[in-house]
Amino acid sequence: LDAENPRINALHVIDRDGARGAAQASEARWRAGAPASPVDGLIATIKDNVMLAGVPMRRGSATSDATPATEDAPAPARLKEAGCVILGKTTLPEYGWKGLCDSPLTGITRNPWKLDRTTGGSSGGAAAAAALGVGHFHVGTDGAGSIRIPSAFCGVFGLKPSFGRVPAAPASPFGVLAHLGPMTRSVADAAAMLNVLARPDPRDNLAWNTDPPDFRIGLDDGVAGLRVAFSPRLGFSVPVDPDVEAATRAAAEVFAGLGAQVEEATPELGD
């Protein structure tokens, strides 16, 4: 972490003392045969537009309030209850407004695979941390691709769950567009993380109020028989780089090779 984060700038807050204390508490629970959950002791990071008690929520902006938050939002609260070790907060562009990851407050976050390339955004710090192996679970948020774009750019797995699957408080200014979700190095880790994040929280009356299913079930069942919609341009007449277009189509066709029914679709999105 000390060697890579200064070059990459994935985390702008690192709580070494808090993380060490939480790790020691986890070790004691495992030694006593009483872990808090199956993921007790795994390391997590929180995107800096999600409240984390004792740490300011700066949203990548020098204009934001530097007063430390007094409570945890649902996502870090559930992770702490499960015994996860919160390492710190990850970077994002100012107020998460773009698909890159640089801000006046924290500077540029760089792609670990090639430092002159962007991580994408807005959950760029989370994606970079996942790619570096700095922790197991990384909380991202997604309104218009903010989990999916940086996950793709950094070669990690990211999921935008259905709205209300992961409780949020306070509500995002983006309303029902903005969802919280997992960013990890593997699908299995994301499923384990979503098991924790999707547990209820009374502060969000738009979220599910019952415990989630076990998202790890069926991960190895394959995709044979499933229907997959592939839309090259989402119905718009926009230019796409030929190499990108070819690679994307080839990726979609992989599902056909695995037995899925791949159908080209054009959603009616309007202007």
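Reader: In which strand does Lys89 lie?

Author: Lys89 belongs to strand E3, residues 85–90. Helices (H or I, at least four residues) and strands (E, at least two) are DSSP runs, numbered from the N terminus. This is a predicted model, in which local features need pLDDT of at least 70 and side-chain atom pairs count only at pLDDT 80 or more, while totals for chains, interfaces and linings use all residues. Residues are numbered from 1 along each chain as its sequence is written, and side-chain values use heavy atoms, with hydrogens and water left out.

Reader: Is Lys89 buried or exposed?

Author: Buried means under 20% relative accessible area, exposed means over 50%, and partly exposed is in between (1.4 Å probe, protein chains only). Lys89 has 0% relative accessibility, so it counts as buried.

Reader: With which side chain does the side chain of Lys89 make a polar contact?

Author: A polar contact is a pair of N or O atoms within 3.5 Å; within protein, one must be able to donate a hydrogen and the other to accept it, and residues adjacent in sequence count only if both atoms are side-chain atoms. For Lys89 the partner is the side chain of Asp48, at 2.8 Å.

Reader: Where is Cys84, and what is it in contact with?

Author: Cys84 sits in the loop between helix H3 (74–81) and E3. Its relative accessible area is 5%, so Cys84 is buried. Contact means heavy atoms within 4.5 Å. Setting aside neighbours within four places in sequence, Cys84 is in contact with residues including Val39, Leu42 and Phe137.

Reader: How many helices and strands does the chain have?

Author: There are seven helices and 10 strands. The radius of gyration is 19 Å, close to the 18 Å that the globule rule gives for 271 residues, so the chain is as compact as a globular protein of that length. That radius is taken over C-alpha atoms, and the globule rule is 2.2 Å times the number of residues to the power 0.38. Of the 271 residues, 40% count as buried.

Reader: What span is expected of helix H2?

Author: The expected span of a helix is 1.5 Å times one less than its number of residues. Helix H2 (residues 16–31) has 16 residues and should span 22 Å; its end C-alpha atoms are 22 Å apart, which agrees. After H2 comes Gly33, with a positive phi near 75 degrees.

Reader: Which residues that are not glycine have a positive phi?

Author: Most residues other than glycine have a negative phi, and most peptide bonds are trans. Asn9 is one of the exceptions, with a positive phi of about 65 degrees. Asn9 is in the loop between helix H1 (5–8) and strand E1 (11–14), and it counts as buried at 14% relative accessibility. Leu234 has a positive phi of about 55 degrees. Leu234 is partly exposed, with a relative accessible area of 44%.

Reader: Which residues does a cis peptide bond join?

Author: One cis bond joins Gly121 and Ser122, with omega about 10 degrees. Another joins Ala169 and Pro170, with omega about -5 degrees. Pro170 is in the loop between strand E7 (157–158) and strand E8 (179–184).

Reader: Over the face of which residue does Arg165 lie?

Author: A charge sits over a ring if NZ of Lys or CZ of Arg is within 6 Å of the ring centre and within 35 degrees of the ring normal. Arg165 lies over the face of Trp208, 4.5 Å from the ring centre.
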